[in-house]
Amino acid sequence: MRASNEDSFVADAPDRLFLVADGMGGHAAGEVASRIAASVVEEVLRAGPAGEAGARLHAAVRQANARVYETQRARDEYRGMGTTLTALLFDGPRYHVAQVGDSRAYLLREGVLQQLTRDHSLVWPLYENGILSKDEIVRHPQKHLVTRSIGTHADVEVDLCSALCREGDLYLLCSDGLTDVLGDGEIRAILAGP
């Protein structure tokens with residue numbers, strides 16, 4: 001257990017933006033990195049020019065990366081800090097998910113739980129290639145080694161997916177603090193419950 005919470009979130013219903021950022025455990029000032037990333041995405045989307053929502057979200061996440069990177073390079077006490085980030089933006093009948101790291105977005109549609117993101121971790125390819133199950137990944141000693149994060153490099157590749165929403169859809173954004181404890185079946189049961 002950590003003494004401090006390194007997660008930050010945005011739940012901005014009027015702007016239809018939802019986000020979770022998990023400061024990287026074991027790194028300097030992870031809580032600072034997650035807070036900066038969350039606030040930059042929110043600020044950029046509020047202040048930015050009109051345009052295609054997915055492209056705006058993608059650009060906002062890249063700007064968050066630049067700000068966290070600049071901050072950790074400028075101050076010795078923040079060297080090496082970083083964060084994961086998963087953001088969900090609704091735009092009319094569509095949703096857009098931007099993701100870096102191993103925080104996740106899920107969609108529950110008609111009783112079926114679908115993970116919308118892929119973990120950027122050392123062990124995720126072992127799951128994708130059928131070598132490990134999701135349950136085995138959780139217990140793997142290198143599970144927490146992320147291969148992509150916000151703020152650790154000057155540039156970052158951002159995964160983006162977009163699709164149409166349907167009535168009755170439920171969305172969940174979470175850090176590995178949830179998925180390390182609950183499997184997909186338990187998450188589905190909670191979301192689908194009364």
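User: How many bridges join strand β5 to β8?

Analyst: Bear in mind that this is a predicted model. Strand β5 covers residues 104-109, and it runs antiparallel to β8. One of the pairs puts Ala105 opposite Leu173 in β8. The number of bridges joining β5 to β8 is 5.

User: Which are the edge strands in the open sheet of 3 strands?

Analyst: The pairing in this sheet is antiparallel, and the order is β6-β5-β8. An edge strand here pairs on one side only. That description fits β6 (112-115) and β8 (170-174).

User: By how many degrees are neighbouring strands of this sheet turned against each other on average?

Analyst: We're still on the open sheet with the order β6-β5-β8. Ignoring direction, the average turn between its neighbouring strands is 20 degrees.

User: Which helix lies across β5, β6 and β8?

Analyst: Look for the helix spanning residues 184-192. Its direction makes an angle of about 55 degrees with β5. That's α6.

User: Is α1 oblique or roughly parallel to α2?

Analyst: Helix α1 (residues 30-47) packs against helix α2 (residues 53-74) with the axes 8 Å apart, at an angle of about 140 degrees. Roughly antiparallel would need an angle over 145, and roughly parallel one under 35. So α1 counts as oblique.

User: How many nonpolar residues does the contact of α1 with α2 have?

Analyst: On the α1 side you'll find Ile36, Val40 and Val44, among others, meeting α2 residues that include Leu57, Val61 and Arg67. The contact also has 2 polar and 3 charged residues. The nonpolar count is 12.

Technical notes: Residues numbered from 1 in each chain as written. Predicted model: local features only at pLDDT ≥ 70, side-chain atom pairs only at ≥ 80, totals over all residues. Heavy atoms only, no water. Pairing = 2+ DSSP bridges. Helix = DSSP H or I, 4+ residues; strand = E, 2+ residues; numbered from the N terminus. Axes fitted to C-alpha atoms, helices over the stretch in contact; angles between N-to-C directions. Contact = heavy atoms within 4.5 Å. Parallel < 35°, antiparallel > 145°, perpendicular 65-115°, else oblique. Nonpolar A, V, L, I, M, F, W, Y, C, P; charged D, E, K, R; others polar.
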